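Here are my comments on the model you sent, set out as numbered points. They begin with the ligand site and then turn to the sheets and the helix contacts.

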Amino acid sequence: MHHNPITIYNLSYCYPDGIKALNSVSLSIRATERVALVGANGSGKSTLLMHFNGLIAPQVGEVIVGELSVEPRNLKQIRNFVGLVFQNPDDQIFMPTVWEDVAFGLLNQGIRGAELDHRVAHALKSVELEPDLYGARNATGLSGGEKKRVAIAGVLAMQPQVLVLDEPSAQLDPRSRRRLIELLDALPLTQLIATHDLDLAVELCDRTIVLSEGQVVYDGDTHRVMSDPELLERHALESPLSYSRPYCQIEHSPLV
Ligand SMILES: Nc1ncnc2c1ncn2[C@@H]1O[C@H](COP(=O)(O)OP(=O)(O)OP(=O)(O)O)[C@@H](O)[C@H]1O
C-alpha cells in the first residue's frame, strides 16, 4: 500500500492560556505534491507546522508522517523524513560558520569525511551559495536572504522526503524571492508551504489549504480560491496581485 507522506486526523491544539489554535484539522498530502497553507495572522499555520517534527505534541488527533505517528519514540526518524524550515532563520542557524551550520545535522547522524563534505557542498550549491565563498563565513554576518538559504541548505543536506516551509519568502528582496521560487520549483520533494505570499502560492502550488481560526475552510484548487474574492475576504485574505488587477478592458476605439 502506498502511504501519503503527511496525514493529519482531527488535530486540535489548545495553548496553555486557553487559546484554541487548531480545531479538528484533517488533511493529507500526497507524495511530490506541493501544497500552500494560507490564512490570516493567528489562523494556526505555525502551530500546525510545529507538529510535523514534534516541536508540539498532538493533544487531540493524530499526525502521521511517512508511516509513523508523531510521538517521542519516533521523533528521530520523523526528523530525518521531514525537513522544517522556520520562519526566522535566526532560530535555525546557530553554528559559527555557514559550513558548520549546514554540516550540523549530518554530523549528528554520524556522517563524516568525504560523504559529509560532498553533502554540505551539494546543499550549499543547490541554494546558490558557492561553498568556497560562503563556507567559512560567519552566519550571523549574512543578509536575511542569505541566512534563509543557509537554513534551507541545512535542511536539504539531510535529504528529507518532505520539506515544510514557514513563510519562506518573508524578508526576501524581489530577486531573492524569485530565486527561492525557482529553487522550490526545481525540488522534486513533497512540499508544504505556509505563506502570506499568495502570488508565491499561485506560482508554486496547484493546491491550497486555507486555515481560519484553526479550521480548514478550503482545501482544493489554488486558482479557484484565488479567483474567489469573497471567500478570501471572508477569511481575512487579499486577492494576490496576479488576480486582483482591475479588469482593464481595452476600450473599443470608436473609429474601428
Ligand atoms: N506560544 C503561544 N502561546 C499562546 N498562544 C499562542 C502561542 N503561539 C501562538 N498562539 C496563538 O495561537 C493562535 C495561532 O497562532 P499561529 O502562530 O499558529 O498562527 P499563524 O497562522 O502561524 O499566524 P502568523 O501568520 O501570524 O504567523 C493565535 O491565536 C496565537 O495567538
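**Notes on the predicted model**

1. Helix α1, which spans residues 45-50, is the largest contributor to the shell around the ligand, supplying three residues. Please keep in mind throughout that the model is predicted. The ligand is surrounded by Y15, D17, I19, A21, G39, N41, G42, S43, G44, K45, S46 and T47. Sorted by class, the residues of this shell comprise seven polar, three nonpolar and two charged ones.

2. One of the sheets is open and consists of four strands in the order β2-β1-β4-β5, with antiparallel pairing. Strands β2 (20-29) and β5 (68-69) stand at its edges with a single partner strand each, and therefore one side of each has no neighbour in the sheet.

3. Within this four-stranded sheet, strand β1 (residues 6-14) is paired with strand β4 (residues 60-65) in the antiparallel sense, and five bridges connect the two. The register can be followed residue by residue, since I6 has V65 of β4 as its bridge partner, while T7 has I64 of β4 in that role.

4. The pairing of β4 with β5 is likewise given as antiparallel, here over two bridges, and V65 has L68 in β5 as its bridge partner. V65 is thus a residue to inspect from both directions, being the bridge partner of I6 as well as that of L68. The two strands β4 and β5 form a hairpin in which two residues lie between them, and G66 in the turn has a positive phi of about 65°.

5. A further open sheet has six strands, arranged in the order β6-β7-β8-β3-β9-β10, and its pairing is mixed. Its edge strands, β6 (82-85) and β10 (215-221), each pair on one side only. On average, and with direction ignored, neighbouring strands of this sheet are turned by 15° against each other.

6. Inside the six-stranded sheet, strand β7 (residues 162-166) and strand β8 (residues 190-194) are paired in the parallel sense over five bridges, and L165 is found opposite I193 of β8. Helix α6 (residues 144-156) packs on this sheet, where it touches β6 and β7, and the direction of α6 makes about 170° with that of β6.

7. Which residues bring α3 and α6 into contact? The axes of these two helices come within 7 Å and cross at roughly 35°, and the crossing is right-handed. On the α3 side the contact is made by V98, D101, V102, F104 and G105, and on the α6 side by V150, A153 and G154. By class, this contact has five nonpolar, two polar and one charged residues.

8. Helix α3 (residues 98-108) also meets helix α4 (residues 113-126), with axes that come within 10 Å and cross at roughly 120°. The two helices α3 and α4 are therefore oblique to each other, and their crossing is right-handed. The contact is made by W99, V102, A103 and L106 from α3, together with L116, R119, V120, A123 and L124 from α4. By class, the contact of α3 with α4 has eight nonpolar residues, no polar ones and one charged residue.

9. A point on V102 may help when inspecting the helices: this residue of α3 takes part in the contact with α4 and also in the contact with α6.

Conventions:
Residues are numbered from 1 along each chain as its sequence is written. This is a predicted model: local features need pLDDT of at least 70, side-chain atom pairs count only at pLDDT 80 or more; totals for chains, interfaces and linings use all residues. A residue is near a molecule or strand if its C-beta atom, placed from the backbone, lies within 6 Å of it. Ala, Val, Leu, Ile, Met, Phe, Trp, Tyr, Cys and Pro count as nonpolar, Asp, Glu, Lys and Arg as charged, and the others, Gly among them, as polar. Two strands pair if DSSP finds at least two bridges between them. Axes are lines fitted to C-alpha atoms, for helices over the stretch in contact, and angles run from 0 to 180 degrees between N-to-C directions. Angles under 35 degrees count as roughly parallel, over 145 as roughly antiparallel, 65 to 115 as roughly perpendicular and the rest as oblique. A crossing is left-handed if the near helix is turned anticlockwise from the far one by less than a right angle, and right-handed if clockwise. Two residues are in contact if their C-beta atoms, placed from the backbone, lie within 7 Å.
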